[in-house]
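Open the model in your viewer and keep the selection panel at hand. The tour takes the interface of the two chains before a set of paired strands.

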Protein chains: 2
Amino acid sequence: MKLYGYFRSSAAYRVRIALNLKGLAYEQVAVNLVNGEQRGEDNLDRHPQGLVPTLETEDGTRLTQSLAICEYLDERYLETPLLPADAEGRARVRALAQMIACEIHPLNNLKVLKYLTGDLGLGEDAKLAWYRHWIRDGFEALEVMLASSPATGTFCHGDAPTLADACLIPQVFNARRFECDLSDYPTLRRIAEHCDTLEAFQQAAPSVQPDAR
Amino acid sequence: MKLYGYFRSSAAYRVRIALNLKGLAYEQVAVNLVNGEQRGEDNLDRHPQGLVPTLETEDGTRLTQSLAICEYLDERYLETPLLPADAEGRARVRALAQMIACEIHPLNNLKVLKYLTGDLGLGEDAKLAWYRHWIRDGFEALEVMLASSPATGTFCHGDAPTLADACLIPQVFNARRFECDLSDYPTLRRIAEHCDTLEAFQQAAPSVQPDAR
């Protein structure tokens, strides 16, 4: 399999975690988001949105959207499931993943930050305030969801990593990169620290990717 | 089952379509987003993010996040599947759904528009330009995805409605509400027109909900 991604892309980072958790081999191809390679013809051909990641499967099928890719991997490669076995548990893990992927990350990705500073002419302070506002809005709710539920374990759901952790860790990484204060989210931090001890997460980290700079 | 929603919420609209497609009975409880009822204690208790929808199942389990709810319904009620049978088809439908739910809708929902006009002090024109920018950004890519793929049929995927259509129709409804020009998206419009002929979609429309005003 071939993963077209970028070392600092949250969405690509999620897929790397999923692939690593499942022990699947993959080749990485870098699409440099800062140089605008995502809008180049090659990338648009494989990803009409001009984004990353794209996963090319062994038969050449190209898959987009990180959560859809993770679900595909989970259906095709049954070992080390990324979702629990029960329907309620699966709904909870998907909801936690979507709280990040549909509520926090979309507001803070590169193209949105560019619109704020470009089209809207915001300064660096207003951009950072925007970024931190949506992290706080999402992390506060996540902390409540996780701290108040008996389903939370050493990971977001029970004692094995799931799709929810594969979304949480890249979002925590990015929050730290933008120097967000995480002191109000002890459960998130505890889970993140635990994930950091696992090789699957360590080897998915932006700093150790081939295109890291 | 009980659906806590709001007539004009895209996310609640998606779940109504899914419930209707599956022929499932449900009671609706309105949470008035304009009056701020979503931030009230009752709603925060059932949905820590202070959002809608929440689906309360027959055993009292409360589920949040519209796509997670739809997947749950699809797993629990097998009749009229919302996802295709093959893994590649499922990945495609989920990707189309997520292009809307993770890329377009999060940028244009009520709390974001409020931040733009409140915290950032933008005027009505700049707010509308923001709204239409993200509709265009997402719909252009969706149109390419749909128009270029042999997997597209009378619906987003083949000739039966799926989760992708349950996401597309509310987004088209909202785009029209904000008077976005949809002339460049003939495939989206064709699919939307076809969905509009089906009772499951008609009965999920905002205008016919009990709390519509």
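How much area is buried between chain B and chain A? About 3,900 Å², with carbon and sulfur atoms giving 64%; buried area is the accessible area (1.4 Å probe) that two parts lose on being put together, summed over both. This is a predicted model, in which local features need pLDDT of at least 70 and side-chain atom pairs count only at pLDDT 80 or more, while totals for chains, interfaces and linings use all residues. Residues are numbered from 1 along each chain as its sequence is written, chains are lettered from A and ligands numbered from 1 in the order in which they are written, and side-chain values use heavy atoms, with hydrogens and water left out.

**The interface**

Select B:Glu88, B:Glu103 and B:Tyr115: in chain B they lose the most area to chain A, together 14% of what that side buries. Next, select the contact residues (heavy atoms within 4.5 Å). You should get 41 residues from chain B and 40 residues from chain A.

Now show A:Glu75 and B:Arg94, which form a salt bridge with the closest N and O atoms 3.0 Å apart. The rule, a side-chain nitrogen of Lys or Arg within 4 Å of a carboxyl oxygen of Asp or Glu, finds 12 salt bridges across the interface of chain B and chain A.

Colour chain B by element, taking helices (H or I, at least four residues) and strands (E, at least two) as DSSP runs numbered from the N terminus. On the side of chain B that touches chain A, two or more residues each come from β4 (62–64), α3 (66–76), α4 (87–104), α5 (110–117) and α6 (124–147) of chain B. Of these, α4(B) gives the most, with 11 residues.

**The strands**

Move to β1 (residues 2–5) and β2 (residues 27–30) of chain B, which pair in the parallel sense over four bridges; two strands pair if DSSP finds at least two bridges between them. Between β1(B) and β2(B) the chain passes through helix α1 (residues 10–21) of chain B in a right-handed β-α-β crossover, that is, clockwise from the first strand over the helix to the second, with the strands pointing away from the viewer.

Label B:Leu3, opposite B:Gln28 in β2(B), then B:Tyr4, whose bridge partner in β2(B) is B:Val29.

Last, add strand β3 (residues 54–56) of chain B, which runs antiparallel to β1(B) and is joined to β1(B) by three bridges. Here B:Lys2 stands opposite B:Glu56.
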